[in-house]
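The following exercises concern packing, metal coordination and charge pairing in a single protein model. Each task is followed by a worked solution.

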Amino acid sequence: MIESLATMETTSLSKTRLVTLAPDLEVGGEDVILMAGPCSVETYEQTRAVAEAVHRAGGRVLRGGAFKPRTSPHTFSGLGIEGLQILRAVADEFGLLVITEALGVENIPQVMEYGDIIQIGSRNMQHFPLLWAAGETDKPILLKRGFMATIDEWLAAADHIATRGNERIILCERGIRSFDTATRNVLDTNAIALIKQTTHYPVIGDPSHSTGRTDLVIPAARAAIAAGADGLLVEFHPNPAEALSDGEQALPLDSLPQFVDEVGRIAAAMGRTLS
Ligand code: PEP
Ligand code: MN
């Protein structure tokens with residue numbers, strides 16, 4: 001393994017450093033943090049409906065993309081600033097925090113103004129100027145694993161953020177590419193366990209992008225928690241069939257209580273609580 005900032009100081013179990021999201025909310029401790037919301041912010045009504053459901057289910061963090069990295073340029077690429085404003089408004093109404101992606105360096109000040117956690121996407125894991133810009137902020141950073149990146153490359157990317165002064169880094173395992181086309185990606189539970197055992201970074205799982213299939217999201221979420229994940233990033237939509245992005249992996253809003261119940265039972269088995 002490359003000697004990373006994260007591995008230099010820690011060799012034994014449970015060395016995860018807490019990343020504080022709010023005075024009463026931190027990632028890396030006993031609570032498994034649920035970050036839930038739509039893939040993309042589409043409308044005020046859609047985003048508000050999700051925020052209300054997240055709040056009702058006891059969630060604290062609303063996810064949603066305003067700047068979307070889409071494989072095809074002919075698909076919906078997000079509402080931009082208007083999307084950030086919608087996220088902030090509905091999150092404030094329900095007392096939620098906002099996690100949203102900064103797609104380029106120019107989005108960092110915008111996401112800082114409207115968001116609470118800066119997400120760096122899989123395709124940008126080695127976008128070094130973006131990592132440096134994130135490292136110069138004081139916001140928590142969620143660094144997704146590149147879908148073709150090794151764990152060493154991922155940790156080195158985290159070091160690019162940390163060496164600029166920001167150590168409030170949360171890693172996110174969102175699935176890696178494999179030969180098998182039955183699922184969108186493969187959730188690397190090995191990586192979650194390895195990160196927990198060898199680094200001080202909290203790590204969360206993304207069962208939505210790793211499976212690409214609604215019917216596999218709950219089982220993958222349970223597997224991530226069982227492997228030691230400190231949280232989950234999960235896509236929900238009021239009407240997945242009509243979603244402008246990633247509808248095939250979105251859970252319908254009315255499944256949120258079932259999600260919390262089924263995944264919460266694994267958290268409890270691990271001596272943790274889902275919040
Ligand atoms: C997302 O979270 O909506 C997203 C684009 O994820 P990823 O960067 O993992 O593809
Ligand atoms: Mn998505």
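Two residues are in contact when they have heavy atoms within 4.5 Å. The model examined here is predicted.

**Exercise 1. Determine which residues Leu-143 touches, and place this residue in the nonpolar packing.**

Step 1. Residues up to four places away in sequence are not counted. With these set aside, Leu-143 touches Ile-120, Met-125, Leu-131, Trp-154, Ala-157, Ala-158, Ile-161, Ile-170, Leu-171 and Cys-172.

Step 2. The largest nonpolar core comprises 66 residues, and Leu-143 is listed with Leu-171, Leu-232, Phe-236 and Phe-259 as having the most contacts inside it. Helix α6 (residues 151-162) supplies the largest share of this core, 7 residues.

Step 3. Another core, of 16 residues, lies apart from it; among its members are Met-35, Leu-97, Cys-172 and Ile-204.

Step 4. As general background, nonpolar side chains tend to be buried together in soluble globular proteins.

**Exercise 2. Identify the protein donors of the manganese ion (ligand 2) and their spacing along the chain.**

Step 1. The protein donors are Cys-39 through SG, His-209 through NE2, Glu-235 through OE and Asp-246 through OD, at 2.1 to 2.4 Å from the ion.

Step 2. Along the chain, the donors of this ion follow the pattern C-x169-H-x25-E-x10-D.

Step 3. Glu-235 belongs to strand β10 (residues 231-237), whereas Asp-246 lies in the loop between β10 and β11 (251-252); the two are 11 residues apart.

Step 4. Both Glu-235 and Asp-246 are buried.

**Exercise 3. Analyse the salt bridges of Arg-48, Asp-92 and Arg-213.**

Step 1. A pair qualifies when a side-chain nitrogen of Lys or Arg is within 4 Å of a carboxyl oxygen of Asp or Glu. The model contains 16 salt bridges by this rule.

Step 2. Arg-48 pairs with Glu-93, with the closest N and O atoms 2.6 Å apart. This bridge links distant parts of the chain, from helix α2 (residues 44-56) to helix α3 (residues 81-94), across 45 residues.

Step 3. Arg-48 counts as partly exposed because its relative accessibility is 26%. Glu-93, at 39%, is also partly exposed.

Step 4. Asp-92 bridges to Arg-88 at 3.1 Å between the closest N and O atoms. Both lie within helix α3, 4 residues apart, or about one turn of the helix. Arg-88 has 16% relative accessibility and therefore counts as buried.

Step 5. Arg-213 and Asp-215 meet at an N to O distance of 2.8 Å. Arg-213 is partly exposed, with a relative accessible area of 34%.

Step 6. Through shared partners, salt bridges join Arg-48, Glu-52 and Glu-93 into one network.

Note on methods
Residues numbered from 1 in each chain as written. Chains lettered and ligands numbered in written order. Predicted model: local features only at pLDDT ≥ 70, side-chain atom pairs only at ≥ 80, totals over all residues. Heavy atoms only, no water. Core = buried A, V, L, I, M, F, W, Y, C linked by side-chain atoms within 4.5 Å. Buried < 20%, exposed > 50% of the residue type's maximum accessible area, 1.4 Å probe, protein only. Donors = N, O, S within 2.8 Å, 3.2 Å for Na, K, Ca; no water.
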